[in-house]
Amino acid sequence: MRQFICAVLGISLASTLVFGTPAETTIRTATERVGTQAIAEGAPENWLSYGKDYHEQRYSALTQINDENVGKLGLAWAFDTDFNRGLEATPIVVDGVMFVSANWSVVHALDARTGKELWRFDPEVPREWAKMACCDVVNRGVAVYQGKVFFGTLDARLIALDAATGKKLWEVQAADTKEYPYTITGAPRVFKDKVVIGNGGAEYGVRGFVSAFDVNSGEEVWRFYTVPGNPADGFENEAMKQAAETWTGEWWKMGGGGTVWDSIVYDPELDQLYLGVGNGSPWNHKVRSPDGGDNLYLSSIVALDPDTGEYLWHYQQTPGESWDFTATQHIMLADMEWQGTQRKVIWQAPKNGFFFVIDRQSGELLSAEPYARVNWATHYDMSTGRPVETDRARYRNGAEFIRPSSMGAHNWHPMAYSPQTGLVYIPAIDALFKYGDVEQYLHKWGHWNLGVVLEQDAAPNHILAQLMLKQVTTGSLLAWDPKTQSAKWVVEYARPWNGGVLATAGNLVFQGTAEGEFRAYRADSGEQRWSFDAHTGVIAPPVTYSIDGEQYVTVLAGWGGAFGLISGYEQEGGIPPSRVLTFKLGGEAVLPENPEKTLFEAPEPPEVSAEELKAGRTLYHEYCSGCHGTDAVSNGAVPDLRHLPGVFYENFDKVVLDGMMRKAGMVGFGDVLDKEDSRLIKAYILTQAEEDRKIRETPSWWMRIKMMFFNAVANVLGWIMDKV
């Protein structure tokens with residue numbers, strides 16, 4: 001008997017070594033079935049691709065959770081990640097297994113029914129590379145295909161994992177980070193045995209491109225550049241030669257930009273690949289292309305042959321882009337009747353504030369109507385397909401307030417579409433930005449190179465600054481009819497940077513908010529039917545799936561991203577871990593309370609002149625605000641420089657100039673700052689800390705009177721700015 005048992009155990013062990021554990025075998029079998037056809041079909045019980053299927057409409061046919069019973073929705077489980085920064089990923093769900101990426105490009109495989117972690121892979125991104133990421137240490141998701149999980153890393157690698165075990169199969173450096181400050185935050189797309197990825201870094205001065213790799217070997221199949229390089233080096237193809245005719249000056253020395261950092265969409269019906277191309281590098285058109293020119297293929301949708309990467313067609317939304325008006329926002333594929341003819345179209349609501357309907361066979365512009373307030377253009381001339389710009393647009397005669405802001409009227413947060421209502425649901429933004437030329441442009445490797453002044457006008461004090469932020473920067477959920485090119489309904493939000501959207505056949509639209517709620521609305525009317533306190537801002541898009549006939553809804557909760565870092569919103573309380581939240585009907589799980597906020601008292605500020613303080617503010621906003629927030633108000637996940645332990649102020653130069661905390665992500669800026677600059681920045685921060693301390697020490701009765709006064713002032717100023 002003992003020999004028999006040993007033999008059975010030996011066979012079992014051998015089987016496990018060869019085939020894996022039963023759980024691994026199940027995952028491998030399920031994920032190996034995920035191919036081009038499975039993604040195209042988009043079975044409702046799974047969520048197999050970034051936008052659910054290749055049309056990227058983010059619509060689910062599941063109806064168990066609907067507008068009648070959604071009030072019974074409760075938390076089924078929550079999974080805490082290791083960090084507390086912004087989460088932007090779309091989970092991929094395959095037969096009860098969830099694959100999701102988090103901060104620092106860490107990937108988790110979870111049991112989609114319980115939240116139990118099955119495996120975890122950390123690509124060990126060097127923390128100092130965060131300096132090269134314009135928009136937080138985020139990642140928008142993975143791709144699953146033929147038993148593999150693919151994802152990009154913040155330091156621009158593309159990695160393939162075994163979906164069953166999380167073990168690395170191959171890794172390639174998708175962009176050269178030795179010479180250029182590239183990053184990857186977007187989700188890969190997979191089709192026809194190729195995995196395609198773009199990159200980021202336009203704010204730092206890189207040249208954008210997209211690459212396709214073989215899913216099995218990681219070998220590069222093709223590469224398409226989105227802007228031309230140095231003409232003296234020759235051109236990669238005819239498309240780059242033609243594009244170069246639309247540029248002037250020596251743009252290649254500044255990178256050019258055009259990074260495809262988010263939207264890449266495969267069209268299985270037409271067998272075309274669409275790229276959403278980003279902003280110029282630097283932003284300012286007058287700097288990078290001083291004698292004018294449209295600067296192809298910036299701010300364009302470009303169609304490629306998916307097998308070869310060969311150029312097919314393009315449509316440029318914002319010629320001569322000069323405002324960070326990217327076309328990288330969500331590209332959605334649809335079929336619609338247009339002026340009596342059935343057309344295969346692209347729907348897109350990019351940053352520039354116009355909703356585009358484009359024939360995806362030819363690139364012909366069918367319609368472009370404003371879905372938000374804009375003042376840079378009045379309309380599009382349909383005979384030329386070009387915008388008609390206003391006099392203020394190019395800020396030729398001095399700084400101008402432009403609407404939308406550099407955040408755009410819609411940023412990366414995905415839209416959704418419901419065929420039941422015929423509406424596209426857009427996470428819209430209403431904001432403006434003061435654009436002005438820099439006195440002298442100097443390109444700095446590894447730093448933001450915008451060609452415009454990033455620092456915005458200062459409010460007289462911290463209270464008014466917070467109130468004005470709420471007055472001039474808001475958000476909404478906009479239900480847009482693409483046939484009539486008009487809004488059907490809108491839900492207003494006090495803040496922008498609200499989450500991506502999910503639409504379901506249960507007549508529901510789900511969206512998280514910047515203020516920490518996860519909400520469900522009726523898709524036909526916008527009536528709110530349910531909400532959940534997520535304990536932190538929710539910017540990621542939800543997904544839904546079913547296991548054994550039970551429907552779940554999942555969203556990632558974690559406040560951050562570009563606006564989350566730079567906005568300067570004061571956060572109440574401590575910041576919880578960033579989480580995966582999953583809901584079902586009758587769910588009864590409860591989130592723990594957030595930690596208390598810890599405030600260290602900074603030393604008193606030194607005596608400095610008004611001119612020195614102004615100089616310190618300018619330096620702070622040029623080099624520090626991208627991570628630590630406008631006016632030195634942090635989002636809480638990144639240290640608030642007004643409330644550091646004393647040792648940091650004592651070693652300020654060593655941290656800021658020498659990079660003493662490099663391994664924690666705080667690199668040194670000694671290449672662009674000196675001790676005098678450091679002194680001025682420190683003086684500005686300590687002055688902000690002193691103001692904050694005085695506010696906290698103000699008696700409540702006096703604070704109420706002050707708030708009434710500042711509210712009145714903010715309302716008046718807000719009314720004035722509203723007219724811009």
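When I speak of strands today, I mean DSSP runs of E with at least two residues, and when I speak of helices I mean runs of H or I with at least four, in both cases numbered from the N terminus. Please keep in mind throughout that this is a predicted model.

With that settled, let me start with Asp271, which lies in the loop between β16 (264–267) and β17 (272–276). The phi of Asp271 is near 55°, a positive value in a residue other than glycine. Most residues other than glycine have a negative phi, and most peptide bonds are trans. As for exposure, Asp271 has a relative accessible area of 28%, and because partly exposed covers the range between 20% and 50%, Asp271 falls into that class.

A second residue of this kind is Gln339, which is not a glycine either and has a positive phi of about 50°. Gln339 sits in the loop that runs between β21 (331–338) and β22 (341–348). Its relative accessibility is 71%, and since the cut-off for exposed is over 50%, Gln339 counts as exposed.

Staying with the backbone, I turn to the cis peptide bonds. One of them joins Leu296 and Tyr297, with omega at about 5°, and Tyr297 belongs to the loop between α5 (285–288) and β19 (300–304). Another cis bond leads from Arg403 to Pro404, where omega is near 5°, and Pro404 is placed in the loop between β27 (400–402) and β28 (416–418).

Now to the helices further along the chain. Helix α8 runs over residues 610–623, and its 14 residues should span 20 Å at 1.5 Å a residue, which agrees with the 20 Å that separates its end C-alpha atoms. Which residues of α8 are buried? They are Gly616, Arg617, Leu619, Tyr620, His621 and Tyr623, and what covers them includes α9 and α12.

Helix α12, at residues 675–697, has 23 residues and reaches 33 Å from its first C-alpha to its last, close to the 33 Å expected at 1.5 Å a residue. The N-terminal end of α12 is capped by Asp674, which has a side-chain oxygen 3.1 Å from the backbone nitrogen of Glu676.

Both of these helices also take part in the second largest pocket, whose lining receives at least two residues from each of α8, α9 (625–628), α11 (652–656) and α12. The volume of this pocket is about 930 Å³, and of the 41 residues that line it, the closest to its centre are Cys627, His628, Val638, Gly665 and Met666. Which helix supplies the largest share of the lining? That share comes from α9, with 4 residues. Sorted by class, the lining of the second largest pocket has 28 nonpolar, 8 polar and 5 charged residues.

Finally, I would like to look at Asp640, in the loop between α9 and α10 (646–650). Is Asp640 buried or exposed? At 14% relative accessibility it counts as buried, because the limit for that class is under 20%. The side chain of Asp640 makes a polar contact of 2.8 Å with the side chain of Arg642, and a polar atom of the Asp640 side chain also lies 3.5 Å from the backbone nitrogen of Ser634. Leaving aside residues up to four places away in sequence, Asp640 touches Ala632, Val633 and Ser634, so Ser634 appears here both as a residue in contact and, through its backbone nitrogen, as a polar partner within 3.5 Å.

Note on methods:
Residues numbered from 1 in each chain as written. Predicted model: local features only at pLDDT ≥ 70, side-chain atom pairs only at ≥ 80, totals over all residues. Heavy atoms only, no water. Expected span 1.5 Å × (residues − 1). Polar contact = N/O pair within 3.5 Å; in protein donor to acceptor, adjacent residues only side chain to side chain. 1 Å grid on protein atoms, 1.4 Å probe; cavity = no way out; pocket = protein on both sides within 12 Å on 5 of 7 lines; lining within 4 Å. Points joined across faces, edges and corners; volume = space filled by probe spheres on them. Nonpolar A, V, L, I, M, F, W, Y, C, P; charged D, E, K, R; others polar. Buried < 20%, exposed > 50% of the residue type's maximum accessible area, 1.4 Å probe, protein only. Contact = heavy atoms within 4.5 Å.
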